[in-house]
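Colleague: I have the model open in front of me. Could you take me through it, one residue or element at a time?

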Amino acid sequence: MEKAGVITGYRATIDPAAIGLSTSAFVHVSIEFDHHEAFERAVLDQPAILACHATVGDFDYLLHVMTGGVPELDEFLRHRLRRLPGVRHFNTTLAMRDIKPGAYLTDAAS
């Protein structure tokens, strides 16, 4: 499966709380039309952003963000995310607890 490109890598699973990350948030972001490429490049340099998905609907992107707490999330949103290229507005939802925090694809997932 590695040779066929099905397996793309291996990784360690880390407990976020063990490394000081206790606040998980999902952020919908709207971008100015001609800034998508610059925004996507800038997102790659933000360690607090664990995942970024281009979406269709009311917002352009869905981000999964993890920080050490609400004050750190506030700092990230107001002083980093807001200043990324083309950000018009965003809407943040805090996760209260994880029910199914991550899934792993297997050949049974299809």
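Modeller: Certainly; please bear in mind that this is a predicted model. A convenient place to begin is L73, a residue of helix 2.

Colleague: Is L73 buried or exposed, and why?

Modeller: L73 counts as buried because its relative accessibility is 5%, and the cut-off for buried is under 20% relative accessible area.

Colleague: Which residues is L73 in contact with, neighbours within four places in sequence left aside?

Modeller: The contacts of L73, with those neighbours set aside, are T23, A25, V65, T67, T92 and L94. As for S24, 49 residues separate it from L73 in sequence, while their C-alpha atoms are 8.7 Å apart in space.

Colleague: Let us turn to the sheet. What is the strand order?

Modeller: The sheet is open and has four strands, in the order 2-3-1-4, with antiparallel pairing. Strand 2 (49–54) and strand 4 (87–94) are the edge strands, each pairing on one side only. On average, neighbouring strands are turned by 20° against each other, direction ignored.

Colleague: And where does helix 2 pack?

Modeller: Helix 2, residues 70–79, packs on this sheet and touches strand 1, strand 2, strand 3 (61–67) and strand 4. The direction of helix 2 makes about 165° with that of strand 4.

Colleague: How many bridges are there between strand 1 and strand 4?

Modeller: Strand 1, residues 23–31, pairs with strand 4 over seven bridges in the antiparallel sense. Within strand 4, L94 stands opposite A25; both A25 and L94 are among the contacts of L73.

Colleague: T23 was on that contact list too. Which strand does T23 lie in, and is T23 buried or exposed?

Modeller: T23 lies in strand 1. T23 has a relative accessible area of 10%, so it is buried, given the cut-off of under 20%. Leaving aside neighbours within four places in sequence, T23 is in contact with V65, M66, T67, G68, G69, V70, L73 and L94.

Colleague: A change of topic: what volume does the largest pocket have?

Modeller: The volume of the largest pocket is about 730 Å³. It is lined by 23 residues, of which I14, P16, L50, M66 and P101 are the closest to its centre. Strand 1 and strand 3 are the elements that give two or more residues to the lining.

Colleague: How many residues of that lining are nonpolar, polar and charged?

Modeller: The lining of the largest pocket comprises 14 nonpolar, five polar and four charged residues. M66, one of the residues closest to the pocket centre, is also in contact with T23.

Note on methods:
Residues are numbered from 1 along each chain as its sequence is written. This is a predicted model: local features need pLDDT of at least 70, side-chain atom pairs count only at pLDDT 80 or more; totals for chains, interfaces and linings use all residues. Side-chain values use heavy atoms; hydrogens and water are left out. Two strands pair if DSSP finds at least two bridges between them. Axes are lines fitted to C-alpha atoms, for helices over the stretch in contact, and angles run from 0 to 180 degrees between N-to-C directions. Contact means heavy atoms within 4.5 Å. Buried means under 20% relative accessible area, exposed over 50%, partly exposed in between (1.4 Å probe, protein chains only). On a 1 Å grid over the protein atoms alone, a cavity is a set of points where a 1.4 Å probe fits but cannot get out, and a pocket is an open set with protein on both sides within 12 Å along at least five of seven lines; lining residues have an atom within 4 Å of a point. Grid points are joined across faces, edges and corners, and a volume is the space filled by probe spheres set on the points. Ala, Val, Leu, Ile, Met, Phe, Trp, Tyr, Cys and Pro count as nonpolar, Asp, Glu, Lys and Arg as charged, and the others, Gly among them, as polar.
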